[in-house]
Amino acid sequence: MSQPTSKLSSGAKALERVRKEIKPAFWLLAVFSIAINLLLLVPSVYMMQVYDRVLRSAVIETLIYITLMAAAAVAVYAALEAIRLRALARIGEWIEDTLFEPVFAAAMGAEQGLVKASGAGEGTPFNDLRTVRSFLSGPTLPSLCDTPWMPLFLICCAIIHPYLGLLGLVFSILIIALALVNDRMTRPAAEKVAQGHQEAQRVLAEAARNVDSVAAMGLSRPLADRASQANARSTALLGEATDRGTVMIGAGKFLRVVAQICTLALGAALSLEGHITPGGMIASSILLSRALAPLDQAIAAWRGLQQSRSAWGRITKLLEASRVLVEDPIALPAPAGKLTVEGVTLMTPGGERPILAGVSFGVAPGSSLALIGPSGSGKSTLCRVIVGSRAPNRGAVRLDGGDVMLWRDDQRRRYVGYLAQGTELFTGRVRDVIARFDAPDDAKVVEAAKLVGCHDLVLSLPQGYDTVLVNGGAMLSGGQRQRIALARAVYGDTRLVVLDEPNSALDGEGERALVGALAALKERGVTVVLVTHKPALAQLCDRVGVMTAGQLTRMGPPTEILRELVAPVPADVRTVPGGAR
Ligand SMILES: Nc1ncnc2c1ncn2[C@@H]1O[C@H](COP(=O)(O)OP(=O)(O)OP(=O)(O)O)[C@@H](O)[C@H]1O
């Protein structure tokens, strides 16, 4: 993000900016539309002049003169059309560029439960942005812009003869009615089709993320069946929607041709009766086809408009929901590392039950807390709330008195280290990964790696610290990934380190390095919160907290807490409640 502001509030701001700045552009396009549609009258006027003036007077100079004028007008028309198309393409590009980062951040917020927008995080926001951009850049929007000018052509028809105007009006109403029926019939199907595709994509993405489990347990077939069922449902709906759509497109084209024939027939009759000139007959036929052309195209473009409208709806819903957070939080001074958890309650996303219920405690700067407790007691969730990845429904987590939700992104990146369960590294050079994708400070990168005992490991990689970890470090072993993630968690000026089962994949040597790292962090005065199932590790912390069913039920010095909790079993399998990891 270019501006180190709150990532979520910037979404609402960017949306406001787009809405505000887009207005003058659309007004300008409306002016273009007026000019283009006035110039579209030229062929009709030209025909009338040729039939009623040139053919009667037989003066060739007049023909040359009006032909040159018509050609000049048509050239201006073509230029305006080209400018309009180019301008719309630029507007589409600009909207995509402006909203790309905010949409990314808001989509992350929706995943975290920070953006309170039901359904806003569904689907693929980037696809939605692309849909809106293609709609703006394609031929659909210009034809829709021209639709409101239909009355101009009908009025011109009526000036030639009221009956011709009336006939045009009748056909326009028929075509508009057809468009509305088309919308009614195809919109729900089109929405369901999109949902079916998303479901199939989700199953595929999930399978790709867990490719080893899929292969090992032969899950490929059932997962493929699930994806293909979702896909087949949407394909069937798509077929139905397309069939309906094509019938409507055919009906629209039929009506237009019939309208053309009827106008010519009526024009001929009126001309024979001497009510209009032959030029008027030809001109009214051209005018009517002009009036109906955008309507006809609008029917064909209706699906594009619908898709773009619902894509824009999803984007705005996602970005508007990001108003919930404070704009531009102030930059606070570097924290000493005082952590305060004040009555934190976090409900399940549906609000059915609390995952954390009124958790309160404090950790002094530079001291460490081990969180223990059975599986599902809320330890990992508490870690997520502490680092500001989940917003509590009630209460707050404060770092040096400032709500962690209001610490700016750039500051969190600098002062907060986090090692999640199920370590995921991102694709990039080892040095960039450890430096959290900030400009890497070589000395600090090596220092962090040495601190957690992974310096030699990194040096043994093909290009050392410049080795590119692809696919989140999939080429490394679980223990190697965890050590690099640990180095990232302790990198640089970190003042608060939250480690969720940091030894789950470590061997004996790795565990020794971790113990050394904890001692070094203590020496540096870094505050540490650590989730573990190993008493030996909990023992190293200043205090131990016990989580039970979303509540912090005990907290005290390790000797006291662990003596109470550890079962008298042989030392090599001894664990705290929750089982050994
Ligand atoms: N997004 C969510 N939706 C619904 N329930 C959730 C969600 N996140 C966590 N939970 C529930 O909250 C409870 C606490 O989960 P959490 O992962 O924090 O436990 P834990 O103590 O870290 O367990 P473990 O030791 O196995 O890692 C679990 O019952 C879990 O199912």
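Is Arg414 buried, partly exposed or exposed, and what is its relative accessible area? In this predicted model, Arg414 is partly exposed, with a relative accessible area of 44%. The side chain of Arg414 forms a salt bridge with Asp493, in which the closest N and O atoms are 2.9 Å apart. Arg414 belongs to helix 12 (residues 409-415), whereas Asp493 is located in the loop between helix 16 (478-490) and strand 9 (496-500), so the pair ties together parts that are 79 residues apart in sequence. Asp493 also counts as partly exposed, its relative accessibility being 28%.

The pair formed by Arg414 and Asp493 belongs to a set of 22 salt bridges found in a search of the whole structure. Side chains of opposite charge can pair when their charged atoms come close. Two further examples are found within single helices. In helix 9 (residues 220-272), Arg221 and Asp225 are placed four residues apart, about one turn of the helix. These two residues form a salt bridge with a distance of 3.4 Å between the closest N and O atoms. Arg221 is exposed, with a relative accessible area of 60%, while Asp225 is partly exposed at 31%. Because a residue must be over 50% in relative accessible area to count as exposed, and one between 20% and 50% is partly exposed, the two partners are assigned to separate classes.

The second example is provided by helix 3, which comprises residues 60-112. Glu93 and Arg90 form a salt bridge there, with the closest N and O atoms 3.8 Å apart. Because the two residues are three positions apart in helix 3, about one helical turn separates them. Both partners count as partly exposed, Glu93 at 30% relative accessibility and Arg90 at 46%. The pairing of Glu93 with Arg90 does not stand alone, since Arg90, Glu93, Glu96, Arg130 and Arg133 are linked in a network of salt bridges.

Helix 3 also contributes to a nonpolar feature of the surface. Phe100, Phe104, Met108 and Phe126 form a nonpolar patch, with about 360 Å² of accessible area together. Helix 3 gives the most to this patch, supplying three residues. Phe104, one of the patch members, is found in helix 3 and counts as partly exposed, with a relative accessibility of 45%. A patch residue must have over 30% relative accessible area and no salt bridge, so the value of 45% for Phe104 is consistent with its inclusion.

The surroundings of the ligand were examined next. The ligand has 16 residues around it, of which Gly376, Lys379, Ser380, Thr381 and Gln421 come nearest. By residue class, this shell divides into three nonpolar, nine polar and four charged residues. Helix 11 (residues 379-386) gives the most to the shell, with three residues. Oxygen atoms of the ligand approach both backbone and side-chain atoms of the protein. A backbone N or O atom of Gly376 lies 2.8 Å from a ligand oxygen, and a backbone N or O atom of Ser377 lies 3.1 Å from a ligand oxygen. For His533, an N or O atom in the side chain is 3.3 Å from an oxygen atom of the ligand. On its own, the ligand has 640 Å² of accessible area, of which the protein covers 67%.

Methods
Residues are numbered from 1 along each chain as its sequence is written. This is a predicted model: local features need pLDDT of at least 70, side-chain atom pairs count only at pLDDT 80 or more; totals for chains, interfaces and linings use all residues. Side-chain values use heavy atoms; hydrogens and water are left out. Patches are made of residues with over 30% relative accessible area and no salt bridge: like charges are joined within 9 Å, nonpolar side chains (Val, Leu, Ile, Met, Phe, Trp, Tyr) within 5 Å. Accessible areas come from the Shrake-Rupley method with a 1.4 Å probe; for residues, only the protein chains shown count as cover. A salt bridge is a side-chain nitrogen of Lys or Arg within 4 Å of a carboxyl oxygen of Asp or Glu. Buried means under 20% relative accessible area, exposed over 50%, partly exposed in between (1.4 Å probe, protein chains only). A residue is near a molecule or strand if one of its heavy atoms lies within 4 Å of it. A polar contact is a pair of N or O atoms within 3.5 Å; within protein, one must be able to donate a hydrogen and the other to accept it, and residues adjacent in sequence count only if both atoms are side-chain atoms. Ala, Val, Leu, Ile, Met, Phe, Trp, Tyr, Cys and Pro count as nonpolar, Asp, Glu, Lys and Arg as charged, and the others, Gly among them, as polar.
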